[in-house]
Amino acid sequence: SGGTLQDVRDAGAPAGTRVEVRDLFFNVPARRKFLRSEQTELAHIRQMFMVQALAHPEVGMGLKIDGRELHNLAGNATLEDRIRELFGAAFVGNLRQVMHEVRGVSVSGYAGVPAISRSDRNEQFVFANGRPISAALVNFAINGGYHSLLPGNRFSSVFLDIRLDPALVDVNVHPTKKEVRFKRPDEVRDAVIEAIRKALSGDGAGTESARADMSGQVRP
């Protein structure tokens, strides 16, 4: 507390253990001045929660702000389940399943149809071996996958998990560990571009919601 150890003891930390952090800057007022408005900071918290929830759909997660429950997400979920819980069934209906593997690089997840787009990348979530990441190379590849399908100032929703040998991903290029560098960037770039193109061309499967017709039957 305030840089002083208060207690040292064994903690089993079984499933369901709750960790709470309160009054983070109580003794560091200089840090507090860098905080933005309450709404801005709450938006950051929601975004961080969403990123972790999408990265680990198998883990149940909840978010409460000022005693009000905003999310209570069930565990043992699929990525599609988790997207539906966070964004709604109608949103899922506008996604196409991404599934592509080449030269040891696997790209899976979902890509939004070009008809639904945004003016920012706030709904583009990318993971490398399950880890939330940011990489200019991947942003470039996503743009390439949607080439000629979207205007240059529009961005579609994507949820992509890139799987490859961990030795080929350098996660120590940024203090927050969010930005990464791939040791074989061309292979990753090409895999992402092709994965999105396949999904949008119909070679990839849609979600269950997207493949259901008006009678409620799922088409093969």
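In this predicted model, the buried residues of helix H6 are covered by a set of elements that includes strand E3 (95–102), strand E4 (105–112), helix H5, strand E7 (158–163) and strand E9 (181–182). The residues tucked away under that cover are Glu-187, Val-188, Ala-191, Val-192, Ile-193, Ala-195, Ile-196 and Ala-199. A bit of helix geometry helps in reading such a list: an α-helix has 3.6 residues a turn, so residues three or four places apart point the same way. H6 itself runs for 17 residues and spans 24 Å from its first C-alpha to its last, close to the 24 Å expected at 1.5 Å a residue. Right after the helix comes Gly-202, with a positive phi of about 100°.

Now for the partner helix. The axes of H5 (residues 136–145) and H6 (residues 185–201) come within 8 Å of each other and cross at roughly 30°, and the crossing is right-handed. On the H5 side, the contact is made by Leu-137, Phe-140, Ala-141, Ile-142, Gly-144 and Gly-145. Facing them from H6 are Pro-185, Val-188, Arg-189, Val-192, Ile-193, Ile-196, Arg-197 and Leu-200. Sorted by type, the residues of this contact come out as 10 nonpolar, 2 polar and 2 charged.

Both helices also feed into the largest nonpolar core, which holds 28 residues. The members that touch the most others are Val-107, Ile-142, Leu-160, Ile-162, Leu-164, Phe-182 and Val-192. Two or more residues apiece come from E4, strand E5 (124–128), H5, E7 and H6, with H6 giving the largest share at 7 residues. Val-192 is a handy place to look at how the pieces meet: leaving aside neighbours within four places in sequence, Val-192 is in contact with Val-107, Ala-141, Ile-142, Leu-160 and Ile-162. Ala-141 and Ile-142 are also among the H5 residues that meet H6. Apart from this core lies another one, made of 20 residues, among them Met-50, Val-51, Ile-83 and Val-92.

Arg-22 tells another story. This arginine sits in the segment before helix H1 (29–32). Arg-22 counts as exposed because its relative accessibility is 64%, and the cut-off for that label is over 50%. As for its place relative to Arg-163, the two arginines are 141 residues apart in sequence and 36 Å apart in space, C-alpha to C-alpha.

Technical notes: Residues are numbered from 1 along each chain as its sequence is written. This is a predicted model: local features need pLDDT of at least 70, side-chain atom pairs count only at pLDDT 80 or more; totals for chains, interfaces and linings use all residues. Side-chain values use heavy atoms; hydrogens and water are left out. Axes are lines fitted to C-alpha atoms, for helices over the stretch in contact, and angles run from 0 to 180 degrees between N-to-C directions. Helices (H or I, at least four residues) and strands (E, at least two) are DSSP runs, numbered from the N terminus. A crossing is left-handed if the near helix is turned anticlockwise from the far one by less than a right angle, and right-handed if clockwise. Contact means heavy atoms within 4.5 Å. Ala, Val, Leu, Ile, Met, Phe, Trp, Tyr, Cys and Pro count as nonpolar, Asp, Glu, Lys and Arg as charged, and the others, Gly among them, as polar. The expected span of a helix is 1.5 Å times one less than its number of residues. Buried means under 20% relative accessible area, exposed over 50%, partly exposed in between (1.4 Å probe, protein chains only). A nonpolar core is a set of buried Ala, Val, Leu, Ile, Met, Phe, Trp, Tyr and Cys residues joined through side-chain atoms within 4.5 Å.
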